[in-house]
Amino acid sequence: MSVLPVLSPEMFGVFFKALWGFDPFPWQQDFANCLCAGKAPDYVTVPTGSGKTACLDAAVFALAVQSAQPFAKRTVGRRIFFIVNRRIIVDEAYDRAQKLALKLEASHKEGSDPSGIIAKVAVCLRYLAGEQSGGGQVEAPLLCVQLRGGIFRDRAWAKSIIQPMILCSTVDQAGSRLLFRGYGVSNEARPIHAALVSQDSLLLIDEAHISQPFLQTLDWVKLYRVCQPNGTEPVSLPFGIVRMTATPPKNEKATMLELSDKDRAHPVLKQRLVASKPVRLVLAAKAKGKAAIEELVKVLETEASRIIAQNPQARSVAVMVNRVRTARDLAKLLIKKHSAANVTLLIGRMRPLDRDEVTGELQSYLKTGGERKTDSQLQIVVSTQCLEVGADFDFDVLISECASLDALRQRFGRLNRGGRPISAQGVIVLPEERNIEENKLNDDKLDDPIYGNAIPRTWRWLKDQAVNDTVDFGLNSMTMAVNAAREANDEAFSHLLMPRASAPVLLPAYLDCWVQTNPSPAADPEISLFLHGPQRDMAEVQVCWRADLPEDAGQWPEILALCPPTNLECLPVPLHFMRQWLEKGDNSEDITGDAPAATEEEEADYRKKDRSLKKTGLIWKGEESAIIQSAATLRPGQTIVLRAQDGGWETLGHLPVKDSTDPKCIDLGDEGQAKLKRRAIVRLHPNIFWPDGDTYAGQLKGWVTNAEFDWNSPEVRTVLKSVAECNTDKASLKERLCFIAQTKRFDVEPYPDRSGVVLTARALLPPITGTADEPNDDGPGDPLLLRPHKQTLEAHTSQVGKLAVKYAAALGLMNYNEAIACAAKLHDIGKADPRFQALLLQSSVSAAFSQPVLWAKSDNIPSSTAAYEKARERATLPKFFRHEMLSVHLADLPEARSKLPLDVLSAALVLHLIASHHGHGRPFAPVVVDEEPPSIEFNVDELKLILSSEARKKAPAHSIDSGIAERFWLLTRHHGWWGLAMLEAVLRLADQTASAKPETPTV
């Protein structure tokens, strides 16, 4: 074991100052002390603007402090989650995590860390990442990753089961993964994600008061991880939960970390706490009935314009409203009234690619602590609720439509967030139709689908607090007012907050359903209920537009398969609104909220009716894609593809494109593939991209229409490079063209009508910041087979075994070493099937028989689905063939069983780990029609395994008596729902790491 630097809790202040150049707040030091001592508080109750993201620094430091302790005594997990219950616009936690990771990685450079403390922490983190086992220095002491809708889905966060990392996520993304139903995660990858969220992890829940259902579910998960019948061995690694909120529930048993007197006296924090934020209360008297939105927009614009005229020093103004339509109409009016200003519309219904580009620009001059110039262009941001949480914006002026009190506190937390010496100003506007007396409110009939009856009640409470119709939303002033209200009547105060439904009781039967990841059971409980409770705002579909789709919708599935849709290019749209648009087109009336869904009764009634469609759309499901025949067939979570020529984005959401009339500006398919899967794709199609200039355009058109043209000729690469240089207006396109031109191999797939071709590089694009150069489990066939060079089965198996044992030891799972090592040795022996070898070699079966060695990886596997299928058919390999199921069959032979661990459970674990190492066998193996399987002979450890063709046909892995399902349930009961997934992850991630970075020379 390496000698590690000695770290102690009181050194956190030195570490913090070395990172950021100033001392931590006292409460931040206290939090670090608690984590280092293994006593994480249940709640951190500091207000917005108190530096809560520094909890990440404290968690990383505490993890380093505990690195030298025996695993059983560690309480801080390697994976530190920062979770927010909102569709994030800008994630300040991720920005901080990136800077922290970069400083740790650079700490070994001379002069980068005069105190040496950052370098010491980095050494401890590298030790946890596996450096103690030899093999050279690990890649980085800390990784940081975003897990939210529309973020690159690589294996960065799952690159190593022992890699320390920070993961910034949402309740939906982290919670769905925890419950084995990860949004945007393939069925095969779901068990890995569930294991890594639930084991060896620390969850920091920001603004916990708006995440009550999720927290209730987490409490059940924490119980079920360790609550198993006597005689079982649940795998339970560290799993901590810290709730961060300024309004915690009254709970005498919970431990609270609050601001101390030292915090209130701190010169920087004191400035933020005492900064005044005067907010005027304005009633929009005419905003009611049919004119409600129009009149509200007029008042909001009037208030914004008044403040801008009176305070020319204010250079940043935010206007936050409750409805998408209000935001849209207001943005249009402000653009008209303030032509010299930069008016930006931000709503939840934006494509991630667009949203990130827009907010990245805004953050450069609106970030807290950033440089402010009085002569800079006026910035006006109009947004919905999406800007309340997780956005590091600091505005001079903030105007808000009245909402619940907790929502307003979040919004005005963005007003003078840094406590700058300015005259911050705010306004709250209430539409007259929301000005309802208490005796006219009926909680059984809510006034608002999102805020219930909290808006009129909050307005009256604010009026009671106001002096001359002005309320101070400064941190100290509002905290004192809120505490007094809670103390006087806590029940009455709760009516000022957004209604929060409770999650259903998490029964073991639900977990039994979710743990079946591949295939999922027909009766599958809806996980959104356990993340958000029974709300009406969770039902959405994902909508994307493609410009290369012809009017004949019958060709759409084949065309889309050339460049499959990604969630980066998709717009989240309420389900019922999508249905309405398909039936009525752009004449649809706008909805009243961001994402309300129908009740169960309304949904059931809707599905009974048959309506004609005015618009054409396709439900994308890969090979099972289908043209929409009835809007009633749409279900939450589906991906809907529309023609860019048919429009709809101005009605369904917001696309901030420069030319909304040009379909080429709407289609982001290639960019989505590049950023989500690192696939370099260029669609040479008249409606997508066609190079300028007669020479190249004519030349390429000739090649595209010539079915016999050889795209591997050197001339092609020369032309592609020249085309890239001539089309520099789009940096991403130039990068992809150049990458394809310089790669060893690229695939060329023609459009069905020969109108264009799709060029796809077989190699992955370089990794983006915070990611790892790893393949994943959800491409064509088995992407882990595709490597730059061939690799022998013997070399690959040996490395997987070493890594798996190393991971098990680092995680304190030594009791399973023998079973894991045995499974690693046998996991790929099914690749001995000669047809599989023919696929790897891209040759005939007879040629595969003549090879002197067996191969595990190939440099010939096509990257596109269509090309892969052709290669599979040439090799005569059955559709859906899984080599791991043949491995199980071989490992379960009597002569092989004699070499397995002696006890029944360990032997069962070996066979299950083999069957599940690509995510299948939970609980059933894929059905494979294999009428003439060849006989197999395989030698392992001087043991000859022989499996005849007749034996393979008689007992396929998918047969009901194969033992796959029985072993899965036996081991789930013994090791726990998340425990078994963790044991699987040890082998699976060892396999993926060995595939990505083989340690022995390849051929």
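In the parallel-paired sheet of this predicted model, Asp206 stands opposite Met244 of strand β6, where helices (H or I, at least four residues) and strands (E, at least two) are DSSP runs numbered from the N terminus. Residues are numbered from 1 along each chain as its sequence is written, and side-chain values use heavy atoms, with hydrogens and water left out. Because the model is predicted, local features need pLDDT of at least 70 and side-chain atom pairs count only at pLDDT 80 or more, whereas totals for chains, interfaces and linings use all residues.

The chain holds 39 helices and 26 strands. Of its 1003 residues, 60% count as buried, a term that means under 20% relative accessible area, with exposed meaning over 50% and partly exposed the range in between (1.4 Å probe, protein chains only). Among the contacts in the chain with a separation of 6 or more, 75% come from residues 24 or more positions apart, contact being defined as heavy atoms within 4.5 Å.

Seven of the strands form an open sheet in the order β3-β4-β2-β5-β6-β1-β7, with parallel pairing; two strands are taken to pair if DSSP finds at least two bridges between them. Strands β3 (143-147) and β7 (256-257) stand at the edges and have a single partner strand each, so one side of each is left without a neighbour in the sheet. In general, the strands of a sheet pair through backbone hydrogen bonds, either parallel or antiparallel. Strand β6 (residues 239-244) is mostly covered, as 6 of its 6 residues are buried. Phe239, Ile241 and Arg243 point one way from β6, while Gly240, Val242 and Met244 point the other way. Strand β5 (residues 201-206) pairs with β6 in the parallel sense over 6 bridges, and strand β1 (residues 43-44) is joined to β6, also in parallel, by 2 bridges. Within the pairing of β1 with β6, the bridge partner of Tyr43 is Arg243, and Val44 stands opposite Met244.

The largest nonpolar core has 111 residues, of which Ile161, Ile205, Leu218, Leu813 and Trp978 touch the most other members. Helix α39 (residues 977-996) gives the most to this core, with 12 residues. A second, separate core of 68 residues includes Leu296, Leu362, Leu378 and Leu430. A nonpolar core is here a set of buried Ala, Val, Leu, Ile, Met, Phe, Trp, Tyr and Cys residues joined through side-chain atoms within 4.5 Å. In soluble globular proteins, nonpolar side chains tend to be buried together. Apart from neighbours within four places in sequence, Ile205 is in contact with residues including Ile83, Phe214, Leu218 and, in the stretch 241 to 244, Ile241, Val242, Arg243 and Met244.

In the second core, Leu296 belongs to helix α11 (residues 292-310) and is buried, with a relative accessible area of 4%. When residues up to four places away in sequence are not counted, Leu296 touches Ala287, Thr326, Glu401, Val429 and Pro431. The C-alpha atoms of Leu296 and Lys286, which are 10 residues apart in sequence, lie 7.9 Å apart in space.

The loop between α6 (171-178) and α7 (190-198) contains Leu179, which counts as buried at 0% relative accessibility. Beyond its neighbours within four places in sequence, Leu179 is in contact with Thr217, Val221, Trp514, Ile527, Phe530 and Leu531. Phe180 is found in the loop between α6 and α7 and is buried, with a relative accessible area of 0%; although not a glycine, Phe180 has a positive phi of about 65 degrees. Asn468, in the loop between α15 (454-465) and β14 (470-472), likewise has a positive phi, near 55 degrees, but counts as exposed at 72% relative accessibility.

Helix α27 (residues 714-726) has 13 residues, which at 1.5 Å a residue should span 18 Å, and its end C-alpha atoms are 19 Å apart, which agrees; the expected span is 1.5 Å times one less than the number of residues. Val716, Arg717, Val719, Leu720, Val723 and Ala724 of α27 are buried. These residues cover an arc of only 165 degrees around the axis, which puts them on the same side of α27, the arc being that of the directions from the helix axis to the C-beta atoms.

Two cis peptide bonds may also be described. The bond from Asn518 to Pro519 is cis, with omega near 5 degrees, and Pro519 lies in the loop between α18 (508-514) and α19 (528-532). The bond from Arg922 to Pro923 is cis, with omega near 5 degrees, and Pro923 is placed in the loop between α36 (904-915) and β25 (936-940).
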